Amino acid sequence: GAGGSWFIPCFFMASVISYFTIYLINKFNNSKLCYFTAIGCLLLISWLLNFINLSVGFPFNLDVAFSGAGFILMGNLLGMIIRDKKILENIRLKIAILISSGVLTVLFALLNITAYNNSYGRLVMALGYYGFYPWFILGGIAGSVCVIVLSSMIENIKLSGYLQSIGRNTFGILMVQQFFINIMEKVVNKLGVHLNLLYPILLSIVCLELCHLVVKIIVFIYPNLSGKGLLAIKNNTRSKI
């Protein structure tokens, strides 16, 4: 299945929107207040578009792309704040941010559960099923901060090479994950396993590793699928020039 492929054109459109917005911010008033205003406008547009019910959906998931663009701008703004305040250089502050952002992520997710009034019973960003939109945004911000700080803390440990490999193959994993999820759901249903908190975590880890392994094999056979072969050709051409 290619269930994850919606993300690619959506991310492209979100990037186009965010680049155009950043261009306007830099052209007129390159300030943090301007960033906050732009983020608010992008999220508001996304929320309003969600009320327009198109049977075939928006091209490039445009309604969702505005939310994505808002998060891209948040990332830019967060990067500026981190550089200005040198937040990631203080280990105690990093630990405090990691714990608080992790707790907030769980809290906003729990608060949003009651708002999932769709057949999936969960958040599905691809279809614009956000639950209560403000909880979705706050949860997304808290979760992103948690991942960023955690990444900065583990980049120097031995496991970081393995995690970097997963990160570099994210798009491939995204494309094959639906296949493994479907298989695991069938196995779990067949065995009649009761899914408590521990099982989904373990199944997610197993699914991720299976996807990672398959993508590594695919990339080994045909590097151009990940862009590595094309990058090598480009670098080789530059060296000759």
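## Helical chain: contacts, burial and surface

The side chains of Ser165 and Lys216 are joined by a polar contact of 3.5 Å. The model in which this pair occurs is a predicted one, and the values below are computed from it. Ser165 belongs to helix H6, which covers residues 160-168, and with a relative accessibility of 12% Ser165 counts as buried, because that value falls under the 20% cut-off. When residues up to four places away in sequence are set aside, Ser165 touches His212 and Lys216.

**The chain as a whole**

The chain holds 9 helices and 0 strands, so that, read from the N terminus on, its elements run α-α-α-α-α-α-α-α-α. Of the 241 residues in the chain, 29% are buried. Among contacts between residues at least 6 apart in sequence, 71% join residues that are at least 24 apart. The accessible surface of the chain comes to about 16000 Å², and carbon and sulfur atoms account for 70% of that area.

**Helices H4 and H5**

Two helices can be set side by side by their span from first C-alpha to last.

| Helix | Residues | Number of residues | Span | Expected span at 1.5 Å a residue |
|---|---|---|---|---|
| H4 | 91-113 | 23 residues | 33 Å | 33 Å |
| H5 | 133-154 | 22 residues | 31 Å | 32 Å |

In H4 the span is close to the expected value, and in H5 the span is likewise close to the value expected. The buried residues of H4 are Lys94, Leu98, Ser101, Phe108 and Asn112, and these buried residues pack against H5. An α-helix has 3.6 residues a turn, so residues three or four places apart point the same way. In H5, the buried residues include the aromatic residues Tyr133 and Phe136, the glycines Gly139, Gly140 and Gly143, and also Ile137, Ala142, Val145, Cys146, Val149 and Ser152.

**Helix H1 and the nonpolar patch**

On the surface, Phe7, Ile8, Phe11, Phe171 and Met175 form a nonpolar patch whose accessible area is about 410 Å² together. Helix H1 (7-28) and helix H7 (170-191) each supply at least two residues of this patch, and the largest share, 3 residues, comes from H1.

Phe11, a member of the patch, has its place in helix H1 and is partly exposed, because its relative accessible area of 39% lies between the 20% and 50% cut-offs. The backbone oxygen of Phe11 also lies 2.8 Å from a polar atom of the side chain of Ser15. Ser15 is itself found in helix H1, where, at 10% relative accessibility, Ser15 counts as buried. The 2.8 Å pair therefore links a residue that is partly exposed, Phe11, with one that is buried, Ser15.

**The H2-H3 loop and the start of H3**

The loop between helix H2 (32-49) and helix H3 (62-85) contains Phe60, and Asn61 lies in this loop between H2 and H3 as well. Phi of Phe60 is near 60°, a positive value in a residue other than glycine, and Asn61, which is not a glycine either, has a positive phi of about 50°. As to burial, Phe60 counts as partly exposed at 42% relative accessibility, whereas Asn61, at 17%, counts as buried.

Beyond the loop, Ala65 lies in helix H3 and counts as buried, with a relative accessibility of 0%. Leaving aside neighbours within four places in sequence, Ala65 is in contact with Cys10, Met13, Ala14, Ile17 and Phe60; Phe60 is thus both a residue of the loop and a contact of Ala65. The C-alpha atoms of Ala65 and Leu43 are separated by 9.7 Å, although the two residues are 22 residues apart along the chain.

**Tyr199 in helix H8**

Helix H8 covers residues 198-221 and includes Tyr199. At 38% relative accessibility, Tyr199 counts as partly exposed. Computed along the sequence, Tyr199 and Val188 are 11 residues apart, while in space their C-alpha atoms are 9.9 Å apart.

Note on methods. Residues numbered from 1 in each chain as written. Predicted model: local features only at pLDDT ≥ 70, side-chain atom pairs only at ≥ 80, totals over all residues. Heavy atoms only, no water. Helix = DSSP H or I, 4+ residues; strand = E, 2+ residues; numbered from the N terminus. Expected span 1.5 Å × (residues − 1). Buried < 20%, exposed > 50% of the residue type's maximum accessible area, 1.4 Å probe, protein only. Patch = residues over 30% accessible without salt bridge, like charges linked within 9 Å, V, L, I, M, F, W, Y side chains within 5 Å. Areas by Shrake-Rupley, 256 points an atom, 1.4 Å probe, with all protein chains shown as cover. Salt bridge = Lys/Arg side-chain N within 4 Å of Asp/Glu carboxyl O. Polar contact = N/O pair within 3.5 Å; in protein donor to acceptor, adjacent residues only side chain to side chain. Contact = heavy atoms within 4.5 Å.
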